[in-house]
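Thanks for coming. I will talk about the internal cavities first and then about the salt bridges.

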Amino acid sequence: MKPTLQLKLSQQLNLTPQLQQSIRLLQLSTLELNQELERIIQENPLLELNENWDTKPFETQKAENDTHPDHDLDEKNTTQTEQDTEWLESSSTSNFTQNEDYEIPQLAAEPTTLRNYLTQQLSLSQVPDREKKIAGLLVDSLNDDGYLTQDLDELLSILPDELGIEIEDLNQALTCLQHLDPPGVGARNLQECLLLQLESLPENTAHKKQAIRVVTQHLDMLASHDYALIKKLLKCDDQSLRAIQKLIVNLNPRPGSDFNSTDTRYIIPDIIVSKVNGVWIANQNINALPKLNINHYYANILRQKHDESSKILSNQLNEAKWLIKNLEQRSSTILKVSNAIVERQQQFFEHGEIAMRPLILREIAESLELHESTVSRVTTQKFMHTPRGIFELKYFFGSHVTTDTGGSCSATAIRALIKQLIQKENPKKPLSDNKIAGILEEQGIVVARRTIAKYRESMQILPANLRKTF
């Protein structure tokens with residue numbers, strides 16, 4: 001075969017760096033955008049933050065008391081140095097206690113973990129040191145809810161033989177652990193957890209013995225709401241059974257959960273919805289808009305110099321202009337999509353979830369002549385502040401169910417109707433999924449029983465037999 005040359009025409013789509021940056025910025029949340037801008041500003045001297053833009057609202061808060069997070073690291077260090085110098089100068093001429101303007105900084109305390117809390121109690125307990133150490137081994141085996149999920153025999157098998165620990169030692173240490181606070185810690189299952197809490201109650205607690213009997217012998221019956229059989233076995237009336245049930249329900253099935261601290265994250269909405277002349281409209285939240293400027297000092301250097309050394313600054317100037325333009329385009333796109341959503345969901349803002357209309361991404365995309373993927377990026381991790389609360393833009397989209405009149409009803413509205421019906425039901429005769437489907441059908445909304453069950457489970461609502469009271 002002889003080598004030959006051939007010409008071939010083909011089309012290829014290449015994403016320019018500017019377009020790549022635009023797509024990336026569009027899918028970032030407000031917090032992520034702020035972090036990305038801080039990184040870019042540190043790398044590009046041609047960019048600077050507008051002094052009027054406060055970045056504090058966008059930081060992740062680590063504790064409720066920590067409501068004033070630090071600014072940019074360099075700014076923080078500079079400010080701190082100035083404060084230290086001012087303090088040294090003032091302290092040389094006045095007594096420390098006489099400086100009324102000086103305030104001792106309030107440091108947020110480290111959250112207490114379950115392990116530290118239990119270890120501290122063990123160190124103060126009047127038990128032999130050997131038992132304390134074995135109990136400490138058990139503390140390290142607890143899960144976040146305070147349960148000992150590992151079997152004692154299994155735990156014994158992995159301990160070194162030279163420690164000389166027997167199964168009796170582990171049982172004794174477990175008893176010591178289960179007498180610590182919070183009540184129920186160290187339990188191996190839910191039944192044992194509830195029993196430990198009941199046994200820690202004062203002896204004069206009303207219905208304590210009956211509650212212990214129910215948890216020990218009839219916990220499954222209580223879970224399935226078989227009240228008639230429980231009353232027969234306990235030989236008690238409705239009033240006594242209500243008191244027993246209340247005593248058990250008020251126990252904590254997860255005694256270690258109070259020590260599971262997580263960082264609090266605050267949401268800064270991108271859009272604020274308000275009513276103007278009887279119509280709901282969307283507006284940009286100006287506090288969420290990043291304000292970037294071109295650094296005029298370096299820009300003036302570029303105007304005066306045109307040598308090889310200025311090429312780097314020239315490239316950075318172009319990058320700065322692209323970034324500012326892409327940020328403006330991001331804000332404009334979010335606002336256009338938000339207004340399109342608000343325009344179609346006017347009834348929601350007037351009457352709530354029950355009036356939510358069906359809406360899909362394609363409908364918004366076609367009306368604004370955008371790609372569906374663009375609308376998907378815009379509505380992810382972008383939030384809207386309304387008189388009814390703060391919602392992610394994704395919240396306003398949902399599937400639809402056909403009505404018998406040929407129309408459609410939003411899945412969100414159907415969930416709201418189901419929730420409304422269950423809230424108004426007779427607790428002694430709760431509505432079954434079939435009954436709810438029948439009620440909705442009478443209102444012209446045809447929904448299958450399995451769909452009702454799916455929506456109910458998504459709202460974490462129990463089935464009728466478990467909602468029944470007496």
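Helix α14, residues 311-344, gives the largest share of the lining of the largest cavity, namely 3 residues. Keep in mind that this is a predicted model. The full lining is Asp270, Gln284, Ala288, Leu289, Arg330, Ser331 and Ile334. Sorted by character, those residues are 3 nonpolar, 2 polar and 2 charged. How much space lies in the largest cavity? About 40 Å³. The search covered the whole structure and found 2 cavities of 30 Å³ or more. As background, rolling a probe the size of a water molecule over the atoms shows where empty space is left.

Now the salt bridges. The count comes to 14, and I will go through three of them.

Start with Arg39 and Glu43, which form a salt bridge with their closest N and O atoms 3.1 Å apart. Both residues sit in helix α2, residues 30-43, and they are 4 residues apart, about one turn of the helix. Is Glu43 buried or exposed? Glu43 counts as exposed, at 52% relative accessibility, where the cut-off for exposed is over 50%. Arg39 has a relative accessible area of 37%, so Arg39 is classed as partly exposed. This pair also belongs to a network of salt bridges that links Arg24, Glu36, Arg39 and Glu43.

Next, Glu350 and Lys275. Their side chains meet in a salt bridge at 2.7 Å, N to O. Glu350 is in helix α15, residues 346-351, and Lys275 is in strand β2, residues 271-276, so this salt bridge ties together parts that are 75 residues apart in sequence. Glu350 is partly exposed, at 31% relative accessibility. Lys275 is partly exposed too, with a relative accessible area of 43%.

The last one is Arg362 with Glu372, where the closest N and O atoms are 3.9 Å apart. For a salt bridge the nitrogen has to be within 4 Å of the carboxyl oxygen, so this pair is counted. Which elements does the pair link? Arg362 lies in helix α16, residues 361-368, and Glu372 lies in helix α17, residues 372-379; the two residues are 10 apart. On accessibility, Arg362 comes out at 44% and is partly exposed. Glu372 comes out at 34% and is also partly exposed.

To recap: 2 cavities of 30 Å³ or more, and 14 salt bridges, including one between helix α15 and strand β2. That is what I have.

Notes
Residues numbered from 1 in each chain as written. Predicted model: local features only at pLDDT ≥ 70, side-chain atom pairs only at ≥ 80, totals over all residues. Heavy atoms only, no water. 1 Å grid on protein atoms, 1.4 Å probe; cavity = no way out; pocket = protein on both sides within 12 Å on 5 of 7 lines; lining within 4 Å. Points joined across faces, edges and corners; volume = space filled by probe spheres on them. Nonpolar A, V, L, I, M, F, W, Y, C, P; charged D, E, K, R; others polar. Buried < 20%, exposed > 50% of the residue type's maximum accessible area, 1.4 Å probe, protein only.
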